[in-house]
Amino acid sequence: MLKKSLVIAFMVLATQVVTIAQDSENNNKIIRTTVPFLTISPDSRSSAMGDAGVATSPDINSQHWNASKYIFAKDQAGVALSYTPWLRNLGVNDLNLLYLTGYYKFGERQAVSSSIRYFNLGEIQEVIDGGNGAIPTGNTIRPHEYAIDIGYSRMFSEYFSAGLVFRYIHSDIASGSSNFATAGAAYEPANSFAADISTYFHKPVRVSGYDAKYALGLNISNVGTKMTYSDDGKSQPIPTNMRLGGSFELDIDEYNSFGVHLDLNKLLVPINDSSIGVIEGIFKSFYDAPGGFQEELQEIMWSVGLEYWYLKQFAIRGGYFHEHQDKGNRKYFTVGVGLNYNVFSLDFSYLFPAVDGRNNPLANTIRFTLGFRFE
């Protein structure tokens, strides 16, 4: 069987960097999944706040964070496009993530939404092991992955809503290869169907004479079928995830407002056990850590974000994301700005690592988001 060592090395880097980022000494403790691109923050607002977004105020990109927020959006409809150059710190220039999303509210209590997420893994010239060195085959491999969503959200009371999102996922990490194989089995593209379920609660309050609002959000995402890349039937889980968070926003005066947001995040995937069913794996993920309850707590990632608005037109944002060193060791700060003008919005975010800055593949990650709202 011909061996594509270059392709294999590249794919491991490109698809696993999100999960194992900087850690190489605790691989037995790290939770691995297929299609980790589904966990990448796709938009600039939340990514500027340390990837906090499950309980933030509704915006066009709520599909990824908490689709149940859409029904409380101020505008009737919106559409946004986000672009993320990926792994630029490693000198890779043709990887990027594109995210197109939109929503429409109909009636007083219902909204529909949809999104397309496309992860382009660039182009690779295929080579084979010829015994005395690598031999080009003349084939160009164009690996790519994408997910297509459609969602529905409904208001159940003045302050509470719930949402449901259905997702189709396609992953083709060796598109164009003439003889790619995985562990001796013939390669084939992988597919999965998944769903998200979310809730959102928000309520206005008065604090020391100021108008304010607090919110709580929950999103259990990517509950779906496992994926296989070979004809031997072996499968791996997708990144089923639970995100729980809260936010507090304060209107200082008619010009200035300020918000603080916190997300807690946990993969609902068992450690190194892909043989059990999806639902069983979700429950097992809460008690299967070799180190017991203490290690289970280490699996919780947390994000904190701050957001300042002037006239609800210009925003300055900052945040921090933390993952335990034994579970991937992703720790980074984020900053960003946003501009709202009439129906138009433009957001930008920038990521810089808190540890191992020179060698961190996530360093210098930027995102751009362009949005339009319709009343």
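**Reading cavities, pockets and strand pairs**

Q: Let's start inside. Which helix gives the most to the lining of the second largest cavity?
A: That's α4, covering residues 278-284, with three residues in the lining. Keep in mind as we go that this is a predicted model.

Q: How much space is in there, and which residues lie nearest the centre of that second largest cavity?
A: For a cavity, look at volume and lining together. Here the space is about 90 Å³. The lining has 15 residues, and those nearest the centre are Lys 226, Pro 237, Leu 268, Pro 270 and Val 278. By class, the lining splits into eight nonpolar, five polar and two charged residues.

Q: How many cavities of 30 Å³ or more are there?
A: The count comes to two.

Q: And what about the largest pocket: what is its volume, and which residues lie nearest its centre?
A: A pocket is open, whereas a probe in a cavity cannot get out. The largest pocket here has a volume of about 1,100 Å³. Its lining takes in 43 residues, with Ser 57, Pro 58, Lys 74, Lys 312 and Asn 340 nearest the centre. Among the elements that give two or more residues to this lining are α2 (44-47), β10, β11, β12, β13 and β14. The most comes from β18, with five residues. As for class, you get 16 nonpolar, eleven polar and 16 charged residues.

Q: Several of those are strands. How do I read the pairing of β10 with β11, parallel or antiparallel?
A: Check the direction, then follow the bridges. β10 (residues 190-207) and β11 (residues 210-224) run antiparallel and are joined by 13 bridges. For one of the partners, take Val 205, which is bridged to Ala 212 in β11. Two residues sit between the strands of this hairpin, and Ser 208 has a positive phi near 50°.

Q: Which strand does β12 pair with, and by how many bridges?
A: Strand β12 (residues 241-251) runs antiparallel to β11, with eleven bridges joining them. Asp 211 has Asp 251 in β12 as its bridge partner.

Q: What are the partners of β14?
A: Take the two sides in turn. Ten bridges link β13 and β14, which run antiparallel, and Asn 256 stands opposite Tyr 310 in β14. Nine bridges link β14 to β15 (residues 314-322), again antiparallel, and there Tyr 308 faces Ile 316 in β15. The hairpin of β14 and β15 has three residues between its strands, with Leu 311 at a positive phi near 60°.

Q: Which residues of β14 are on its covered face?
A: Read the strand as two faces. Met 301, Ser 303, Gly 305, Glu 307 and Trp 309 make up the covered face, while Trp 302, Val 304, Leu 306, Tyr 308 and Tyr 310 make up the uncovered one.

Q: Let's try a single residue. Why does Thr 140 count as buried?
A: The cut-off for buried is under 20% relative accessible area. Thr 140 has 18% relative accessibility, so it counts as buried. Thr 140 lies in strand β5 (residues 134-141). Its C-alpha is 5.9 Å from that of Glu 126, although the two are 14 residues apart in sequence.

Q: How much of the whole chain is buried?
A: Buried residues are 53% of the 375 in the protein chain. The chain has five helices and 18 strands. Of the contacts with a separation of 6 or more, 61% are between residues 24 or more positions apart.

Key. Residues numbered from 1 in each chain as written. Predicted model: local features only at pLDDT ≥ 70, side-chain atom pairs only at ≥ 80, totals over all residues. Heavy atoms only, no water. Helix = DSSP H or I, 4+ residues; strand = E, 2+ residues; numbered from the N terminus. Buried < 20%, exposed > 50% of the residue type's maximum accessible area, 1.4 Å probe, protein only. Contact = heavy atoms within 4.5 Å. Pairing = 2+ DSSP bridges. 1 Å grid on protein atoms, 1.4 Å probe; cavity = no way out; pocket = protein on both sides within 12 Å on 5 of 7 lines; lining within 4 Å. Points joined across faces, edges and corners; volume = space filled by probe spheres on them. Nonpolar A, V, L, I, M, F, W, Y, C, P; charged D, E, K, R; others polar.
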